[in-house]
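Work through these exercises with the sequence and the 3D view side by side. Try each task before you read its solution.

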Amino acid sequence: MFQTLKRLAGKKGSPEGTGDNPSAPSSPDELVNIRSYRRPDRRAILEIAREAFSGVSLDENIEQAFGAVGGHWTEHKKDAVDYDLQNNPSLALVAELGDEIAGFACNRIYPARSTGHIANVAVEERYRRRKIGRWLVEGSMELLRQKGMKYVRIETLEQNERGRNFYPALGFEEIGRQIFYFKRL
Ligand SMILES: CC(C)(COP(=O)(O)OP(=O)(O)OC[C@H]1O[C@@H](n2cnc3c(N)ncnc32)[C@H](O)[C@@H]1OP(=O)(O)O)[C@@H](O)C(=O)NCCC(=O)NCCS
């Protein structure tokens with residue numbers, strides 16, 4: 001089981017400038033519990049998954065170009081997160097404030113390559129820019145180390161400006177770029 005307590009950081013950056021954090025709580029005194037996922041967290045995580053990825057999801061890009069493909073794109077994102085919760089529950093972390101889930105990270109491991117994979121991380125919009133994302137990634141890396149991993153990978157879309165800043169700020173090095181294609185059959 002993983003757990004670490006953090007004090008919620010003061011707001012960083014301007015909400016107007018980033019689109020983040022429009023109604024963040026003002027008190028910096030709250031404690032954030034970064035802890036292992038438990039089954040009752042699932043509903044709150046899937047709700048964040050549905051809402052957090054607008055503008056930064058391949059499924060949304062596909063829907064914009066081709067129309068809805070087998071349901072709304074937010075459902076595909078939710079299903080992808082749910083897959084990891086079902087298949088790798090012991091590798092998922094949540095950020096809990098009081099009785100509220102403010103964010104999550106879903107992780108995978110590839111033991112043959114000693115490599116962990118942070119598959120999805122998201123923080124509810126009103127809690128962004130207060131270091132919760134950083135703590136979820138740092139917590140994930142600690143958890144992956146505990147599982148014997150020596151490396152960690154993560155991807156973000158070029159259009160994801162937050163992601164492009166977020167991962168280098170956490171020490172990740174860019175190792176390649178990929179182009180995604182899609183076609184009607
Ligand atoms: C990416 C995300 C998880 C970051 O969570 P967060 O709690 O706001 O991030 P933090 O406050 O810990 O920020 C850590 C660092 O990331 C960078 N960063 C985060 N958000 C940023 C933004 N909007 N603009 C520029 N840099 C940003 C900064 O370097 C920041 O450090 P700083 O605040 O000291 O400057 C959050 O924006 C999110 O949920 N986005 C939508 C889902 C998503 O894109 N997930 C990643 C998919 S690959």
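## Exercise 1: Helix H3 against helix H4

The crossing of H3 and H4 is right-handed. This is a predicted model.

**Task.** Find how the axes of H3 and H4 cross, and which residues of the two helices meet.

**Solution.**

Step 1. Locate the helices. H3 covers residues 58-66, and H4 covers residues 73-87.

Step 2. Look at the axes. They come within 8 Å and cross at roughly 155 degrees. An angle over 145 degrees counts as roughly antiparallel. H3 is therefore roughly antiparallel to H4.

Step 3. List the contact. From H3 come Asp59, Glu60, Ile62 and Glu63. From H4 come Trp73, His76 and Lys77.

Step 4. Sort that contact by class. The contact of H3 with H4 has 2 nonpolar, 1 polar and 4 charged residues.

## Exercise 2: Helix H2 against helix H4

**Task.** Describe the crossing of H2 and H4, then its contact.

**Solution.**

Step 1. Take the angle. The axes of H2 and H4 cross at roughly 140 degrees and come within 8 Å.

Step 2. Name the arrangement. Over 145 degrees would count as roughly antiparallel, and 65 to 115 as roughly perpendicular. The angle fits neither range, so H2 and H4 are oblique to each other.

Step 3. Add the hand. H2 and H4 cross in a right-handed way.

Step 4. Read the residues. H2 supplies Arg42, Ile45, Leu46, Ala49 and Arg50. H4 supplies Thr74, Lys77, Lys78, Val81, Asp82 and Leu85.

Step 5. Sort them. The contact of H2 with H4 has 5 nonpolar, 1 polar and 5 charged residues.

## Exercise 3: The sheet

**Task.** In what order do the strands of the open sheet lie, and which are the edge strands?

**Solution.**

Step 1. Trace the order. The open sheet has 6 strands, in the order S1-S2-S3-S4-S5-S6, with mixed pairing.

Step 2. Find the edges. Strand S1 (3-7) and strand S6 (151-153) each pair on one side only.

Step 3. Check the twist. Neighbouring strands of this sheet are turned by 25 degrees against each other on average, direction ignored.

Step 4. Start pairing at S1. S1 runs antiparallel to S2 (residues 31-36), and 5 bridges join them. Lysine 6 stands opposite valine 32 in S2.

## Exercise 4: Two hairpins

**Task.** How many residues lie between the strands in the hairpin of S3 and S4, and how many in the hairpin of S4 and S5?

**Solution.**

Step 1. Take S3 (residues 93-97) and S4 (residues 100-110). They pair in the antiparallel sense over 5 bridges. Alanine 95 has glycine 103 in S4 as its bridge partner.

Step 2. Count between S3 and S4. The hairpin has 2 residues there, and glycine 98 takes a positive phi near 55 degrees.

Step 3. Move on to S5 (residues 115-123). S4 and S5 are antiparallel, with 8 bridges. Isoleucine 109 stands opposite glycine 116 in S5.

Step 4. Count between S4 and S5. There are 4 residues, and serine 114 in the turn has a positive phi of about 50 degrees.

## Exercise 5: Helices across the sheet

**Task.** Which strands do H2 and H5 lie across, and at what angle does each run to S4?

**Solution.**

Step 1. H2 (residues 42-52) lies across S3, S4 and S5. H2 runs at about 90 degrees to S4.

Step 2. H5 (residues 132-146) lies across S1, S2, S3, S4, S5 and S6. H5 runs at about 35 degrees to S4.

Definitions and conventions: Residues are numbered from 1 along each chain as its sequence is written. This is a predicted model: local features need pLDDT of at least 70, side-chain atom pairs count only at pLDDT 80 or more; totals for chains, interfaces and linings use all residues. Axes are lines fitted to C-alpha atoms, for helices over the stretch in contact, and angles run from 0 to 180 degrees between N-to-C directions. Angles under 35 degrees count as roughly parallel, over 145 as roughly antiparallel, 65 to 115 as roughly perpendicular and the rest as oblique. A crossing is left-handed if the near helix is turned anticlockwise from the far one by less than a right angle, and right-handed if clockwise. Two residues are in contact if their C-beta atoms, placed from the backbone, lie within 7 Å. Ala, Val, Leu, Ile, Met, Phe, Trp, Tyr, Cys and Pro count as nonpolar, Asp, Glu, Lys and Arg as charged, and the others, Gly among them, as polar. Two strands pair if DSSP finds at least two bridges between them.
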